[in-house]
Amino acid sequence: MKVTVLVGMEVHLQLRTQSKMFSRCPARFGAPPNTLVDPVVLGLPGALPVPNRDAITMALSLAMALGGTLAEVTRFDRKNYFYPDLPKGYQISQYDRPLATRGAVEIVTREGIKTVRLRRLHIEEDTGKSLHDDRRGLSRVDFNRAGTPLVEIVSEPDIASPEEARAYLNALRAVVSYLDISDANMQEGNLRCEPNVNLHIENGGEPVKTPIVEIKNLNSVRNVERALLCEIERQLAEYREKGPAVAHEPRSTRGYDDDKDATFLMRRKEEEHDYRYFPDPDIPPLTLTEEWRTEAASRVPELPAKKRRRFMEEHGLGAYDAATLCRHRSTADYFEKVVAAGCAPKPAANWILTDLGRHANDKKVLVAELGLAPAHVAGLIGLVEQGRVARRPAAQQVLPRMLETGAKPEAIVAELGLARIDDEDVIREAARKAVAAHPRAVADYRAGKKKAFDALMGFVMRDTQGKADSDLVRSVVEEILEES
Amino acid sequence: MSQLWQMSAASLVAAVRAREVSALEVADAHIERALTWNDLGAFLHLEPEMARRRARAIDDRLARGEDPGPLTGVPVALKDNLCTRDMPTTCGSRILETFVPPYDAHVVERLRQAGAVLLGKTNLDEFSMGSSTENSAFRLARNPHRLECTPGGSSGGSAAAVAAGLAPLALGSDTGGSIRQPAAFCGVVGLKPSYGLVSRYGLIAFASSLDQIGPLARGVDDAALLLEAVAGHDPRDATSSCRAVPPLRASGSIEGLRLGLPREFFGDGLAPEVAAAVERAKSLLVDQGARAVDVSLPLTRHAIAVYYIVAPSEASSNLARYDGVRYGLRADGGDASVDEMLATTRGEGFGREVKRRILLGTFSLSSGYHDAYYGRAQKVRAAMRREIEEVFLHVDLLLTPTTPTAAFGLGEKLEDPLAMYLSDVLTVSANLCGVPALSLPCGRTANGLPIGLQLMAPRFGEETLFRMARAYESLAPDASLWPPERAA
């Protein structure tokens, strides 16, 4: 039985604009309920929407960055449905003349590089938020979020695994971070993602296509991955139970329950709204003029995919490391600064992705925000590369001290007395002591146990507080064992 | 000197500015008149105290040597679908019975800045849906010329108020004839401006692509005065035009102007008295050097069908916001679910005609019917625009009757919605095509009811429109029609 997984992604991205999509009301996260509202946002009688030019320029720059085909003339449409958090009884969105069509996102997984095609990119407005107080049987609505500009990015079902789905989201977030148009944070809800998934199962005869399921309620990249994993399992189980007949089941929308790690049915296709789309008569069609496109293009910097290829070619990095460095523009820039300060690219990438990355994660900041001067980092790596300080004390003692004090690595090495010991006499002295103190290990070594040699080396390193040159230690210990 | 309520807005401005009469006296005269004619049902909210306060403020500014603006001291009545932050704005509907907007419509701001004295809010068909003001949820409105007749609609209250001298000026709104038809029925001047000339910000929407706010007045110059005060670009309305408003009150010759007579507007159903009055008007203008040209607009026969798809479609969406969640009526009986609350609120809050149009519009936009109804109507509408643009290459203006008949009796068409819809047959084309159209009185029927003459111009051709209307007004001094006075 051959199973192909087909995942398409619908991503909603809140744009970080000063004001809302169709009014001058300020837009931001975390204000007291119903303070970021005006007649337009609340859908008061007589209020009219006026498109936010800045938001459209941001969306245009994103469409360009993703290689989309821009519309000559784009248009806003009304999507009609009733819900208490939808103030006008319709959402202003785009239907048959979206801002852009096609385009692609290049993703990098451990298996390699792959292109996910995009179907369309359009602009719409966000809804308010319903808050339910079940204890008192009350529902309240906060309209602060209502009218915030959203970009919806719809992919083709080119994503073939949960891991690729994660890579897709990371790649998309990287582009967004480079353009600096959104916080793209799933926890805060300014990036929301609804994957749709089905399976093509070949088991002799015609391939069976399981009905497409759209998954909602996902608030982290990790949950996207987990939800897809369990939904794929569920569809497989359904196929095993019902056989090819499963193909005739209707499409449906399922929610993801984080605690149970399972998806549950929300509604079937036939229960969906008829949205009665039609062009919004309050907003004339927009011509995307040459000047407007040029303005949007000027906002597009060197993008992660291109930067990644350059890092691979210029600096000889592997695809995965290059992609990880390029996920955040500031990290990629930081890497280049460390290299410019005289550091070799590969150790620079290695340090940024491992030791610096760990500190950044602990502090919930990006590497560039750690407050380490790139020249100091280059200096530290240089000391290690030149053999003047060993790797481990450099990472475990010097780096934390640099973070604390901002002092130069050379000064810290001196202050802590961590300069590497390459005085053969000192090492020989320590080695003799180790051999004398551990006759058992020496006997084991002579009996052919390789591990005993490592233990003896370890005793020497410990005695020199890890500062001894390990190559030198190795040859000296070998020499002494030969002698004795 | 004539009575204050008989004076034109322009002469009131002059008299108040010259301090021959105070703004307060002018306001009082109109308030008294409005109270005397209360049974006309012209006003939904008359605000005498507020109006007096505004008038005193105008007088104070004049005393300090300031100029309060081009409408200094002129009382103005507002159709009750224009948002006012200090008066209720009900749209003639139970669903907004208690609603006081937190903001002023653009035109209301402009009137306040121009020194106008806002008298109150006038009666209308609920959400402007109707042609007789009989769909108002609150009051029956009557035609001052004949109380058992309708003043027309939906701006029936505004037209009746101006006709009877309760206000020299009023604003209405026109989606398919809602200014021009009541102007014709009540014997006053009414203009539907070019789409985009007047900002719709704060006008409670019926059908957004058709709605325009416009003036009603007893004379052409007064209508122009009011239009000048409210027209012009407003960044809060994306459909508002950026072009400068030309001066509309300059007089000029009509010599050589070509008047097109579209034959489709003179067909079956046109009352002989109306046809004769329009013919007389045309002859008078031709005598003054205008040239009459026969033209044809064949797509006009589809106008009503297109209108009754486009307007209800947009309305079904525009009226979705009245859900009881944020403002206006909420009918929930305490522990209803959200869906029940919404359905009950709308069930109780909307009247029959509004529900009928929401259903029509919802149907026209539904999947499976969208292409056959809304989609096709949009195509025909685009073709109608091209057709009228083509005709305007050959003529400067179109001249037609405003309505097929004079005012009809109250209750006469209430049970026959199709007959009611057909009373818009000559006016909807201007809305569908976005062009300006003006109705002015051109005589009376044998039983004393006014007849309306309609002039249409290319989009933003208001200057020519007013020039022709002014020429006709000066040729036919009996054009202004006061209703019969009543015993005090």
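Reader: How many bridges join strand 4 of chain A to strand 5 of chain A, and how do the two run?

Author: Happy to start there, and please keep in mind that this is a predicted model. Four bridges join strand 4 (residues 77-80) of chain A to strand 5 of chain A, and the two run antiparallel. One bridge partnership you can look up is Asn80(A) with Tyr90(A), the latter in strand 5 of chain A.

Reader: What makes strand 4 and strand 5 of chain A a pair?

Author: Pairing needs at least two bridges between two strands. Strand 4 and strand 5 of chain A have four, so they count as paired.

Reader: Which sheet do they belong to, and what makes a strand an edge strand there?

Author: The sheet is an open one of three strands, in the order 5-4-17 (chain A), with antiparallel pairing. Its edge strands are strand 5 (90-93) and strand 17 (278-279) of chain A, as each pairs on one side only.

Reader: Why is Phe311(A) called buried?

Author: The cut-off for buried is 20 or more other C-beta atoms within 10 Å. Phe311(A) has 25 other C-beta atoms within 10 Å, so Phe311(A) is buried. You will find Phe311(A) in helix 5 (residues 304-315) of chain A.

Reader: Which residues does Phe311(A) touch, leaving out those up to four places away in sequence?

Author: Phe311(A) touches Leu317(A), Ala322(A), Leu325(A) and Cys326(A). Lys467(A), by contrast, is 156 residues from Phe311(A) in sequence and 33 Å away in space, C-alpha to C-alpha.

Reader: How do you know how chain A compares with a compact globule?

Author: Set the two radii of gyration side by side: a compact globule of 484 residues would have one near 23 Å, but chain A has 29 Å. The C-alpha atoms of chain A fill a box of roughly 95 × 55 × 50 Å along the principal axes. Within chain A, buried residues make up 41% of the 484 residues. For the architecture, count 15 helices and 18 strands in chain A.

Reader: How many residues of chain B are in contact with chain A, and which helices of chain B supply at least two of them each?

Author: On chain B, 33 residues are in contact with 27 residues of chain A. Helix 9 (303-318), helix 10 (338-349) and helix 11 (352-365) of chain B each supply at least two residues of that side. The largest share, three residues, comes from helix 9 of chain B.

Reader: What is the make-up of that side of chain B by class?

Author: The side of chain B that touches chain A has 17 nonpolar, nine polar and seven charged residues.

Terms used: Residues are numbered from 1 along each chain as its sequence is written. Chains are lettered from A and ligands numbered from 1 in the order in which they are written. This is a predicted model: local features need pLDDT of at least 70, side-chain atom pairs count only at pLDDT 80 or more; totals for chains, interfaces and linings use all residues. Two residues are in contact if their C-beta atoms, placed from the backbone, lie within 7 Å. Ala, Val, Leu, Ile, Met, Phe, Trp, Tyr, Cys and Pro count as nonpolar, Asp, Glu, Lys and Arg as charged, and the others, Gly among them, as polar. A residue is buried if 20 or more other C-beta atoms lie within 10 Å of its own, exposed if 12 or fewer, and partly exposed in between; C-beta atoms are placed from the backbone. The radius of gyration is taken over C-alpha atoms; the globule rule is 2.2 Å times the number of residues to the power 0.38.
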